[in-house]
Amino acid sequence: MTFHVERIDHVVLRVRDMATMIRFYEQALGFNVERRLDRLNLVQMRAGASMFDLVLSDTKSASPNMDHLCFRIEPFDRAAIEARLGPLGVSVGETFQRYGAEGTGPSVYFHDPEGNQIELKGPPA
């Protein structure tokens with residue numbers, strides 16, 4: 001018997017300021033807190049069909065803890081992305097065609113409040 005990967009199940013991001021990060025991901029991407037595990041200092045947020053977990057870091061390091069995280073979005077509308085992120089003080093990079101799980105499609109990058117690079121990727125062209 002064999003198996004195959006279908007999609008990202010969850011991503012765990014270490015954060016320094018839990019409240020700020022929860023608020024950012026709720027406002028910027030519309031995620032909702034689904035579960036809290038206080039004994040682990042962990043908050044699990046719903047990100048479409050996937051989970052996005054935030055765990056309180058025990059370090060005050062200023063460096064991001066990953067290269068970037070990519071979320072597949074539908075539809076890809078740059079004006080709508082800017083309208084949602086702009087009021088949060090987020091600057092969105094240029095739109096480029098990039099390869100992802102479904103093929104090549106439009107994407108943009110930005111940074112969350114703790115410097116983690118986030119990519120929003122649209123459907124393949």
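This is a conversation about how some labels on this predicted model are earned.

Visitor: Let's start with the aromatic rings. What makes F24 and Y25 an edge-to-face pair?

Guide: Their ring centres are 5.1 Å apart, and pairing asks for centres within 6.5 Å. The planes stand at 90°, and over 60 degrees counts as edge-to-face, so the label follows.

Visitor: And why is the pair of Y25 and F31 called stacked?

Guide: There the centres are 6.0 Å apart and the planes meet at 15°. An angle under 30 degrees counts as stacked, so that is the name this pair gets.

Visitor: How do you know that these three residues are buried, and by what values?

Guide: Buried means under 20% relative accessible area. F24 has 6%, Y25 has 0% and F31 has 7%, so each of them counts as buried.

Visitor: How many aromatic pairs are there, and which residues do ring pairs link into a cluster?

Guide: The count comes to seven pairs. The cluster holds F24, Y25, F31, F52, F71 and F110.

Visitor: Which members of the largest nonpolar core touch the most other members?

Guide: Those are Y25, F52, L54, F71 and L120, in a core of 28 residues. The elements giving two or more residues to this core include β1 (10–15), β4 (50–56) and β8 (117–121). Helix α1 gives the most, with seven residues. As background, nonpolar side chains in soluble globular proteins tend to be buried together.

Visitor: What does L54 touch, beyond its neighbours in sequence?

Guide: Its contacts include L13, V15, M18, I22 and V43, and also N41.

Visitor: N41 sounds like a good next stop. What is notable about its phi?

Guide: The phi of N41 is positive, about 55°, although N41 is not a glycine. Most residues other than glycine have a negative phi. N41 sits in the loop between β2 (32–37) and β3 (42–47).

Visitor: Why is N41 called partly exposed, while N32 is called exposed?

Guide: N41 has 43% relative accessibility, which lies between the limits of 20% and 50%, so it is partly exposed. N32 has 51%, and exposed means over 50%, so N32 counts as exposed. N32 belongs to strand β2, and it touches Q44, M45 and R46.

Visitor: Now to charges. How many salt bridges are there, and what makes R16 and E114 one of them?

Guide: The structure holds five. For R16 and E114, the N to O distance is 4.0 Å, and the rule asks for a nitrogen within 4 Å of a carboxyl oxygen, so this pair counts. R16 is in the loop between β1 and α1, E114 is in the loop between β7 and β8, and they are 98 residues apart.

Visitor: Are the two partners buried or partly exposed?

Guide: R16 has a relative accessible area of 28%, so it is partly exposed. E114 has 9%, under the 20% limit, so E114 counts as buried.

Visitor: What makes R72, E74 and E102 a network?

Guide: R72 forms a salt bridge with E74, with the closest N and O atoms 3.0 Å apart. The side chains of E102 and R72 also meet in a salt bridge, at 2.4 Å. Both distances are within 4 Å, so R72 joins the two glutamates. E102 lies in the loop between β6 (96–100) and β7, and R72 lies in strand β5.

Visitor: E74 also has a neighbour I wondered about. What kind of peptide bond joins E74 and P75?

Guide: A cis peptide bond, with omega about -10°. Most peptide bonds are trans. P75 is placed in the loop between β5 (68–72) and α2 (78–85).

Visitor: One last charge: how do you know that E119 has no salt bridge?

Guide: E119 is buried, and the nearest side chain of opposite charge, R98, is 4.9 Å away. A salt bridge needs a distance within 4 Å, so R98 does not qualify.

Visitor: What does the side chain of E119 make a polar contact with?

Guide: With the side chain of H68, at 3.0 Å. The limit for a polar contact is 3.5 Å, so that distance fits. E119 itself lies in strand β8, and its contacts also include C70, F71 and Y109.

Note on methods:
Residues numbered from 1 in each chain as written. Predicted model: local features only at pLDDT ≥ 70, side-chain atom pairs only at ≥ 80, totals over all residues. Heavy atoms only, no water. Helix = DSSP H or I, 4+ residues; strand = E, 2+ residues; numbered from the N terminus. Buried < 20%, exposed > 50% of the residue type's maximum accessible area, 1.4 Å probe, protein only. Contact = heavy atoms within 4.5 Å. Core = buried A, V, L, I, M, F, W, Y, C linked by side-chain atoms within 4.5 Å. Lys, Arg positive; Asp, Glu negative; His and termini not counted. Polar contact = N/O pair within 3.5 Å; in protein donor to acceptor, adjacent residues only side chain to side chain. Lists of a residue's contacts leave out its neighbours within four places in sequence.
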